Amino acid sequence: MDQARSTISKIFNGEPHSYTRFNLTQNMEGDNSQVEMNLSSNMDEEVGGNCVGDHLNHNNSNRKPFVAQKLGRKPKNLCFMAAATLLIFIIGYLIGYLVHRKKDSAPTCEASLDPFIEPFVHETGAAPLMDWDDVKKLLAQKLSVAKFEPVFSEFSSTNHRAGSPGDESLANQIINKFKEYGMNSWTDEHFVKVQDPPASGANKFVFKNEMAERPEGFLSYSHNGTVTGAVLYAYYGQESDFSLLREKNINLTDRVVLVRVGRISSAEKVANAAKMGASAVLMFPDPDAYSIGDSTALFGHVHMGSGDPYTPGFPSFNHTQFPPVQSSGLPKILAQTITAGMAANILKELRGQIEPRSWGGQYKLGDESDVVVVEVNNVLVEKKINNVFGVIKGFVDADRYVVIGAQRDAWGAGFATSTVGTSVLVELARSISDMVKNDGFKPRRSIVFASWSAGEYGSVGATEWLEGYLSSLSMKAFAYINLDRVVTGQKGFKVAASPLLHSLIESTLTEINSPNKDGTLSSKFAKGDMETNVLEPLKLDNSAYPFLAFSGIPSVSFGFTSTNSDYPYFGTMLDTKEKLNSATSNQVAQLAEIATRFAGHIALRLVHDHLLRMDLIKYNNVIRSEVSQINTKVNSVKKSCGCYVCFQLLPKALTVQWLISAAGSYSRASRKLVEDIKNSDLEDIEMSRIINDRIMMVERNFLSPYVSPRESPFRHILLGSGPHTLKALSNHLESLRINHPEADANLFHNQFALATWTVQGCANSLARDIWSLDNQI
C-alpha cells in the first residue's frame, strides 16, 4: 500500500508533463465536501502558475467551486467524475502492487555477481530456511553404501601420476560428472616444476665398498649430487631424537643420517638433519611398524613447504613470466628412500654406541668407520596440471563459499590416497545437487567442489590455486573440508581442524551413526572426551595445512584409521583396493558412506544457518596456553641464564605484559562479538553478513603480516611453522635458557614484539569498526 500511495502521489502531484490533482474542498452552499478533479497540461501550468495553492479553492458564499463553474453540476458530469476517480485509484493501486512485487522478486545479494559462478534462480529476500532435521534426512536418503562400489570402479586407475594422461583422463571424468549434475564447472591450469627419478641411470648408494644398491623409490625435490659420510642412526629424525644424540656428544657434522619413516613428514626429517650439519638422509620403513615387505619401494617429497617450490608465494600460471626463484624450503642436502631390506643390511653392521633405551635399545648408532656413498640424480621436469571445480550456488550470500577438495593423482594405484577421496567428492556433489534441484533445499552460501592434481609432490595443485586467488579467497572462502585419506582403517576416527570448527565437529560426531550402527561416532570413538580421543594436530604434510596456515581458511581433515599405526601403503605401489579392504575388513564402501555424511553434515551446516557455526571462544584456550608457556620460560631465562646478552636484554626490555594484554584483548573481543550476536536480528540479511564477515576475519588475521611467503609460507602464528610462531618463540626461550650457540636475544625480542602485535591486531579486527575501538580492547 505504501508503494500504491507513492505511485498515486506521483501521478496526481508531481509528474512533469501531464498529471492529475485532487482538490478536497468545503462546499459552503450546503453540500458536504466533494472531490474536485483538475486535469492539467503543461500549458495550464504556464497560464495558471506552479503553486499547488493556486488550485486549492476555499469556497465562500460569494464564490462557487472552480469545477462547478466550469462543468456545472449535472448528474451526468458528477457520475463521470466519480467513475474517473475510481478508475484512477484502481490503476494506481495495481501499479504500486506490481512495483512492490518486482522489487521483492529481485535478488537482494550483490554477491550474486561472483565471476566464478552462474546463479540459480533466487527467491524473495533470504532463501526459505529448511529445518535442519529435514536437511539431514535428505542427505541420508541420497547416499547409500551400494552406490559407492560402482563409483570406486569408475575412478580407479593404475597409472594417474600428476600430469600424466591417466591424470588428465580422470580430470575429464570428474568435470563431466559435475556437468551431469547441473553444476557450473571449470578448470584451473598450471605449469609446475617437479622432480622425477632419472630417466636413464639411477639413484644409488654404496655401503662399506660393497655392491651398489639402486633403490627404485625416490624423494622429489632432493638436492642432487654425491656425498660420502659415516652412517648415523637417528630413529625417526625428530628434533628430540637429534637432541638425544647431541647429549651423547656424537658428532653430527657431515654424517649420512639413517631414519625411519613415520611420525613426522619426510621434509621435516631432512630439515632437522640439515640443521644438525648432516650431508644426506636415508629413509626406510621399519618392519616392526610397516609390514610391506623387504623390497617395497617408497616415494615422496622433501620440500619443506607446499606448492611449486620454484614459484614460492605466487602461482605457476605462466611458466615464462616469473623470475627464477626457489623456495627456502628446498633442502640443501641429499635425501633418498631405501627398502627395509637395504636398511636391515646397514643396521646389522653398524658399530658405536647402543641406541637410547627409549628407542628400543636394539641397534647401534654407527661410528666414523661406517662409511656410505650416496648419489642422487633426480631430474627436474615441467608438467601441466589441471585442477577441476564444480559449484552449487548459494541463494543469499552466493559469494561466500565452503571448499571441499580431494587429491586426484597418486604414485601408483593410490586407492586409499586418491580413489576413495575422489569418489566421496563426486558422491557428495551428486547428493547435494539433487537436494537443490529436486527437494527444495536452498543453501544460503555456495559450495565449491575441487579435484586437485600433483598432491603427491606436496599439495602442489591446491597451493597453486591458493596462491593464484589468495586475495579473493581470503575474503570469500570461509572453510575447507579435506577428503584425502578418509578411509585407512576402521578401529579409530581422527580429526584435525582449526579450533574454530571444534564445536561444529563435536555436534556432527553426535549426529552420524558409527559403522554397523552401534551408536554414534561420538559414543564409539570420542567416548566423552573428543579432544583426547579424536582430535589431533594438523600436520605439515596434510593437504588441508596450506589452507589453514598459508591462506587463513579454517580447515578440517578427518578419517577412519587403524589404532596402532599409520596405513603402511601410502607412498608405495601397494596402495590398492585389495590392501585397503584387508585393512578395513572389507568395509571400505560402508566407511566411505559414513565419511561422506560426516563431510556433508559439516558443509551443509556451514551453508544452512544464518550464521557460520564457528566457535570464536575456542582460540582463547590456545592463546592462553601458548602465552602461559612463554611467560614461564621468560621467568626461567631471567633466573638461570648467565649470558651477558640475556642479562642485559631480557630483564630490562622484555616483558610478557603486552602479550598477556593482547591475549586478553582477543578474549574480550571474541566474547563481545558473541554478545553482539545474541542481541542481533539474524533474520536481517545484511546484519548476518556483517557478523559472518567478522567471524571470517579471525583465522586470516592470525597470519603474520611480517614474514615473507617465500621464507615462511605457513604464516599462522598459532598453527603455522617458522620462527614467527608462538611455539617457536617458546623454543627460542629454551635455547636462551641453555645458552645454545644459535640463540639470539635480539632476534627473539623482535619476533616477540611482532607476534604480540599480530595477536593484538586480530583482537582489534574482531572487535568492531576502527572508530569504535577503545583502550579496553
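The chain contains 25 helices and 17 strands. The model is a predicted one. Of its 777 residues, 53% count as buried. The accessible surface amounts to about 34,300 Å². Carbon and sulfur atoms contribute 52% of that surface. Among contacts with a separation of 6 or more, 78% join residues 24 or more positions apart.

Two helix pairs were examined. The first consists of α6 (residues 148–155) and α11 (residues 415–438). Their axes come within 9 Å and cross at roughly 125 degrees. Oblique angles include those over 115 degrees but not over 145, and α6 is therefore oblique to α11. The crossing of α6 past α11 is right-handed. On the α6 side, the contact is made by F148, V151, F152 and F155. On the α11 side, F415, T419, V420, T422, S423, V424, V426 and E427 take part. By class, this contact has eight nonpolar, three polar and one charged residues. The spacing of such positions follows a simple rule. An α-helix has 3.6 residues a turn, so residues three or four places apart point the same way.

The second pair is α14 (residues 502–509) and α19 (residues 588–608). Here the helices pack at an angle of about 125 degrees, and their axes lie 10 Å apart. That angle makes α14 oblique to α19. The crossing of α14 and α19 is right-handed. Helix α14 contributes L504, I505, T508 and L509 to the contact. Helix α19 contributes F598, H601, I602, R605 and L606. Sorted by class, the contact of α14 with α19 has six nonpolar residues, two polar and one charged.

Helix α9 (residues 266–275) was considered for its buried residues. These are S266, A267, K269, V270, N272 and A273. What covers them? Both strands and a helix belong to the cover. The strands include β5 (218–220), β7 (256–260), β8 (280–284), β9 (299–301) and β10 (334–337). Helix α8 (239–247) is also part of the cover. After α9 comes G277. The phi of G277 is positive, near 90 degrees.

Notes: Residues are numbered from 1 along each chain as its sequence is written. This is a predicted model: local features need pLDDT of at least 70, side-chain atom pairs count only at pLDDT 80 or more; totals for chains, interfaces and linings use all residues. Side-chain values use heavy atoms; hydrogens and water are left out. Helices (H or I, at least four residues) and strands (E, at least two) are DSSP runs, numbered from the N terminus. Buried means under 20% relative accessible area, exposed over 50%, partly exposed in between (1.4 Å probe, protein chains only). Contact means heavy atoms within 4.5 Å. Accessible areas come from the Shrake-Rupley method with a 1.4 Å probe; for residues, only the protein chains shown count as cover. Axes are lines fitted to C-alpha atoms, for helices over the stretch in contact, and angles run from 0 to 180 degrees between N-to-C directions. Angles under 35 degrees count as roughly parallel, over 145 as roughly antiparallel, 65 to 115 as roughly perpendicular and the rest as oblique. A crossing is left-handed if the near helix is turned anticlockwise from the far one by less than a right angle, and right-handed if clockwise. Ala, Val, Leu, Ile, Met, Phe, Trp, Tyr, Cys and Pro count as nonpolar, Asp, Glu, Lys and Arg as charged, and the others, Gly among them, as polar.
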